[in-house]
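Here is a friendly walk through one protein chain, from its strands to its loops and its pocket. Please keep the viewer open as you read.

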Amino acid sequence: MTTTVTRVTHSCVLLDFSGQHVLTGPWFSEKPGYLRGEPLAYTPTTLPALAAVAASHNHYDHYDVTAFAAYQDKSVPFIVKRGMGEKARRAGFTNVTEVEPWEQVVLDGLTITAAPARHGVPEITFVIQGAGTTVFFGADTLRIPDLDEVPRRFPDVDLALLPVNGLQIRPALNRQVVMNAEQAGEYCAVLRPRLAVPTHYAFTAGPVRDRLFLKYNGTPERFQRAVAKQAPATTVHVLAPGEPLTVE
Ligand SMILES: [Zn+2]
């Protein structure tokens, strides 16, 4: 049994649990104010057949249902935070399940468990298990104390996918809405994953909008330094979109 992880772009990640593919945070298009800042490794029509899709919150760059509607199999199990289902159903998806933290969806060979999160809008994170491996998908959350419960329930996490850009909203008095590289490093010390892959760092709103609205300083390099200092048992791999990593 082999598990591999491939970043599609941003927090959109393709996990391959011995042939059972799970996609997180579907984001396949761009619009003004939402630029990937890095390549897109797959489109909805070049993706392999998916066993499940997991969407954490209703932000365009994490739940781009309109573009993802080009994916052919509309009966793919689509797992979303409670309240997000209608948008996927309207786009034609027929097998949508809404979950809250600690609710579980068991599929053929896969278990997907919702976990806590805090962000500008209602959000969940996910623990995704298959092929004998456990993956924590950190979506777009802040580093909140509730996340300490994840390693209590899942003591053997093989891979953590963690956002690192530390996004702050300038017009909201620089309110922080995503954990930064150092907070993600500190969380690795608590979660104790064998491997960690940073996500959510190349995104930009464009030079003008960035100056007006957004503030962020988290980079993969800062995350690597933070993990080396705070969680040396965890190995960080920085993955370019399309570059696969074997987890086990
Ligand atoms: Zn978001």
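A residue is called buried when its relative accessible area is under 20%, exposed when it is over 50%, and partly exposed in between (1.4 Å probe, protein chains only). Helices (H or I, at least four residues) and strands (E, at least two) are DSSP runs, numbered from the N terminus. This is a predicted model, in which local features need pLDDT of at least 70 and side-chain atom pairs count only at pLDDT 80 or more, while totals for chains, interfaces and linings use all residues. Residues are numbered from 1 along each chain as its sequence is written, and side-chain values use heavy atoms, with hydrogens and water left out.

**Strand β4 and its partners**

Let us begin with strand β4 (residues 50-55), which is mostly covered: 6 of its 6 residues are buried. Two strands pair if DSSP finds at least two bridges between them. Strand β3 (residues 20-24) runs parallel to β4, and 4 bridges join the two. Within that pairing, Leu 23 stands opposite Val 53 in β4. Strand β5 (residues 78-81) also runs parallel to β4, joined by 3 bridges. Here Val 53 appears again, with Phe 78 in β5 as its bridge partner.

Leu 14 belongs to strand β2 (residues 12-17). With a relative accessible area of 4%, Leu 14 is buried. Contact here means heavy atoms within 4.5 Å. Leaving aside neighbours within four places in sequence, Leu 14 is in contact with several residues, including Val 22, Leu 23, Tyr 42, Pro 48 and Leu 50. Leu 23, the residue opposite Val 53, is thus listed among the contacts of Leu 14. The C-alpha atoms of Leu 14 and Val 76 are separated by 14 Å, and the two residues are 62 apart along the chain.

**Strand β8**

Thr 111 and Ala 114 can be read together. Thr 111 is found in strand β8 (residues 110-115), and Ala 114 has its place in strand β8 too. Thr 111 counts as buried because its relative accessibility is 19%. Ala 114 counts as buried at 1% relative accessibility. Beyond four places in sequence, Thr 111 is in contact with Gln 104, Val 105, Val 106, Val 127, Ile 128 and Gln 129. With the neighbours up to four places away not counted, Ala 114 touches Val 99, Glu 100, Pro 101, Trp 102, Glu 103, Ile 124, Thr 125 and Phe 126. From Ala 114 to Tyr 187 the C-alpha distance is 18 Å, with their positions 73 residues apart in sequence.

**A small set of strands and some loops**

An open sheet of 3 strands has the order β13-β12-β15, with antiparallel pairing. Strands β13 (175-176) and β15 (214-215) stand at the edges, each with a single partner strand, so one side of each is left without a neighbour in the sheet. Strand β12 (residues 168-169) pairs with β13 in the antiparallel sense over 2 bridges. Gln 168 has Gln 176 in β13 as its bridge partner.

Which loop holds Asn 174? Asn 174 is found in the loop between β12 and β13. Its phi is near 60°, a positive value in a residue other than glycine. His 200 likewise has a positive phi of about 60° although it is not a glycine. Thr 141 adds a third loop residue, in the loop between β10 (133-137) and α3 (149-153).

| Residue | Loop | Relative accessible area |
|---|---|---|
| Asn 174 | between β12 and β13 | 29%, partly exposed |
| His 200 | between β14 (195-199) and α5 (207-213) | 1%, buried |
| Thr 141 | between β10 (133-137) and α3 (149-153) | 1%, buried |

The side chain of Thr 141 reaches the backbone nitrogen of Arg 118 at 2.8 Å. Arg 118 is also listed among the contacts of Thr 141, along with others including Ala 117, Glu 123, Thr 125, Pro 163 and Met 179.

**The largest pocket**

Rolling a probe the size of a water molecule over the atoms shows where empty space is left. A pocket, on a 1 Å grid over the protein atoms alone, is an open set of points where a 1.4 Å probe fits, with protein on both sides within 12 Å along at least five of seven lines; lining residues have an atom within 4 Å of a point. About 330 Å³ of space lies in the largest pocket, where a volume is the space filled by probe spheres set on the points, joined across faces, edges and corners. Of the 19 residues that line the largest pocket, the closest to its centre are Tyr 34, His 59, Leu 167, Ile 169 and Leu 214. The lining divides into 9 nonpolar, 6 polar and 4 charged residues. In this count Ala, Val, Leu, Ile, Met, Phe, Trp, Tyr, Cys and Pro are nonpolar, Asp, Glu, Lys and Arg are charged, and the others, Gly among them, are polar.

Definitions and conventions
Polar contact = N/O pair within 3.5 Å; in protein donor to acceptor, adjacent residues only side chain to side chain.
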